[in-house]
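Reader: I am a first-year student, and I would like a close look at one single part of this model, taken slowly.

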Amino acid sequence: MIAAQFLAQWALRSSILIASSVVLLKALRVKDPSVRLAAWTAILCVSLALPVLKMSLPSLPVETRTTIAAPIPDFQAPPARQVRVVTVEVPAAPAPRRFDWLAAVYCAIAAALLLRLAVGLALSLRLLRRAEHTELAGVRESDHVSSPVTLGIVRPIILLPPDWREWSASKLAAVLAHERSHIARRDPAVQALSAIHRALLWYSPLSWYLDRQIVRLAEQASDDAAIAAVEDRATYAETLLEFMQRGIRRTSWQGVPMARYERPERRLDRILDGVSLSRGTTRWTVAAILALGLPLAYVIAAAQERLTFEAASVKTTTAPPGLVVANGRVAFLTDAHVDSSLYANKGGPGSDDPGRIHYPLIPVTALLKRAYRGYFDVRTPDWADTEVLAVDATMPPTTTKQQFQKMLQNLLVDRFALQTHVETKEITGYALTVVKDGPKFKAATPNTGPDDRNHKDHVGADGFPATPPHMKGIAVMAATNQRARLVGPQATMAELAKEFGDLLDSIVEDRTGLNAKYNIRLDYAGHLGGPRGATALLQPLPPSDDPSAPEPLPDIFSAVQSQLGLKLEKRKVSVEILVVDHMEKTPSGN
């Protein structure tokens with residue numbers, strides 16, 4: 001899908017480039033075939049380089065409009081009672097892999113055209129090797145050609161039919177002037193490059209148009225060179241007509257045959273009725289092409305469509321009974337008998353529904369952090385932590401994660417008049433390492449079951465919610481008496497480091513060197529309501545006089561070392577923070 005999108009964008013930009021060049025050449029009334037050929041050759045090179053230019057040049061945003069979808073119905077949730085709290089978030093399900101028929105068809109046709117080109121080049125080289133040398137420099141003869149042709153990409157050679165010695169001096173001079181004109185302009189190489197361009201963009205009609213222009217103008221410029229050499233239009237037209245009547249053998253596929261032309265009658269009319277000849281290209285001509293063409297090429301290559309959703313609806317909503325919103329997160333109340341899957345954020349790139357997102361209940365802060373992933377933190381207004389939105393939007397199923405993120409950013413700008421700036425600051429970061437005695441956890445056993453973190457939770461004897469069966473990833477659970485638990489039955493060290501970074505409001509780099517999945521459980525002092533994570537870190541409580549009270553838990557640093565055999569070592573790091581300067585509280589456009 002991504003490949004199809006890349007090819008579509010390449011073809012679109014190439015078509016705009018070619019169409020704009022047609023208009024520009026007509027507006028400037030450029031008639032000289034050599035100048036027009038030089039311009040089209042430059043266009044060919046730019047079109048081939050468009051993918052690289054697009055990635056390397058600074059982007060120029062192009063404005064587009066967003067369509068508003070139908071309003072989202074209000075939530076109707078069953079009543080629930082408030083008890084203990086556990087924070088959960090449903091990960092996106094991986095999208096099933098399907099055979100891409102569109103890519104298969106493209107590759108098949110492109111491969112066939114490229115194969116034809118390669119076969120033609122191979123036949124041309126074999127023909128050159130078998131041709132006999134003549135007393136003329138750069139000229140050979142072969143009984144496999146019926147009319148003059150120039151073969152070879154790197155070092156072109158003129159190939160003549162066996163009867164060339166019977167030609168008149170005027171006829172031979174015209175033929176050699178014509179073919180040497182092709183060699184001087186490197187026409188065989190240019191036309192081979194054009195054939196590659198046409199094969200790669202075979203689905204674009206303008207790529208075929210560009211190829212025809214390059215072939216036609218090359219013959220016109222060489223015709224002018226031949227006429228200038230013999231100074232007799234009628235004689236040259238007779239010579240050319242003779243070669244056209246002989247026909248062109250297929251062994252000259254990837255050469256530049258003198259008798260090849262789009263419409264022979266038009267070529268002969270131009271030769272007989274013409275009053276002027278091509279003057280060729282000069283340094284000033286090349287400078288003018290560059291001066292006019294480079295700005296056009298930059299605009300087309302760097303133009304970046306402002307990515308927006310095909311349709312989007314954003315409106316404020318409220319959390320139903322059984323759910324609470326705190327610190328930019330939605331929390332489900334334990335034993336509340338709430339079907340949390342009804343409020344899970346679903347869809348988007350990488351999921352089983354890549355063409356749509358459905359966020360029935362998402363805090364503004366959480367939406368901002370989804371849109372601006374990559375920043376260490378997003379500083380939002382206080383109300384953004386508790387204000388909840390319902391968001392539905394559609395997009396092309398081929399949308400990448402980076403494009404989706406840009407769509408979210410533009411949606412926030414459009415609907416909330418969002419204004420931001422970036423700040424850099426130095427913070428205390430951490431490196432997660434293994435202590436001398438090694439880790440104290442075990443590798444996880446393979447688990448093929450579904451992620452079931454949304455099952456109906458129950459509380460164990462230790463006061464913590466039970467770990468859901470077949471759980472993947474990491475979750476933080478909170479209990480009473482300032483006790484928190486981090487669990488990850490199938491956790492990687494990278495996931496653990498990221499979770500520690502959230503809890504510590506910092507950056508934690510994984511330096512453990514452990515690459516498997518592990519069964520992680522960590523109990524530490526904390527409670528619900530941390531600034532970025534699911535829990536706030538606390539110092540251990542003093543021992544209680546109540547014999548029934550649970551044992552106080554250590555702080556997270558001590559717990560990591562004693563329970564996991566890992567260590568969090570401090571280090572200084574520079575981070576980027578996105579600061580929200582202005583944001584409307586109520587979205588517009590709904």
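Reader: In which helix is the place of Arg233, and what surrounds this residue?

Author: Before the answer, please keep in mind that this is a predicted model, in which local features need pLDDT of at least 70 and side-chain atom pairs count only at pLDDT 80 or more, while totals for chains, interfaces and linings use all residues. Residues are numbered from 1 along each chain as its sequence is written, and side-chain values use heavy atoms, with hydrogens and water left out. Arg233 belongs to helix 7, which covers residues 233-246 (helices are DSSP runs of H or I with at least four residues, numbered from the N terminus). Arg233 is buried, a word that stands for under 20% relative accessible area, with a 1.4 Å probe and protein chains only. Although Lys and Arg count as positive and Asp and Glu as negative, Arg233 has no salt bridge, a term for a side-chain nitrogen of Lys or Arg within 4 Å of a carboxyl oxygen of Asp or Glu; the nearest side chain of opposite charge, that of Asp224, is 5.5 Å away. A polar atom of the Arg233 side chain does, however, lie 3.3 Å from the backbone oxygen of Gly274. Gly274 also appears among the residues in contact with Arg233 (heavy atoms within 4.5 Å), and once neighbours within four places in sequence are left aside, the others are Ile227, Arg270, Ile271, Leu272, Val275, Ser276 and Leu277.

Elsewhere in the model, an open sheet of five strands has the order 4-5-7-6-8, with mixed pairing (strands are DSSP runs of E with at least two residues, and two of them pair if DSSP finds at least two bridges between them). Within this sheet, strand 5 (residues 139-141) and strand 7 (residues 157-160) are parallel partners over three bridges, and Val139 is found opposite Ile158 of strand 7.

Terms used
Buried < 20%, exposed > 50% of the residue type's maximum accessible area, 1.4 Å probe, protein only. Polar contact = N/O pair within 3.5 Å; in protein donor to acceptor, adjacent residues only side chain to side chain.
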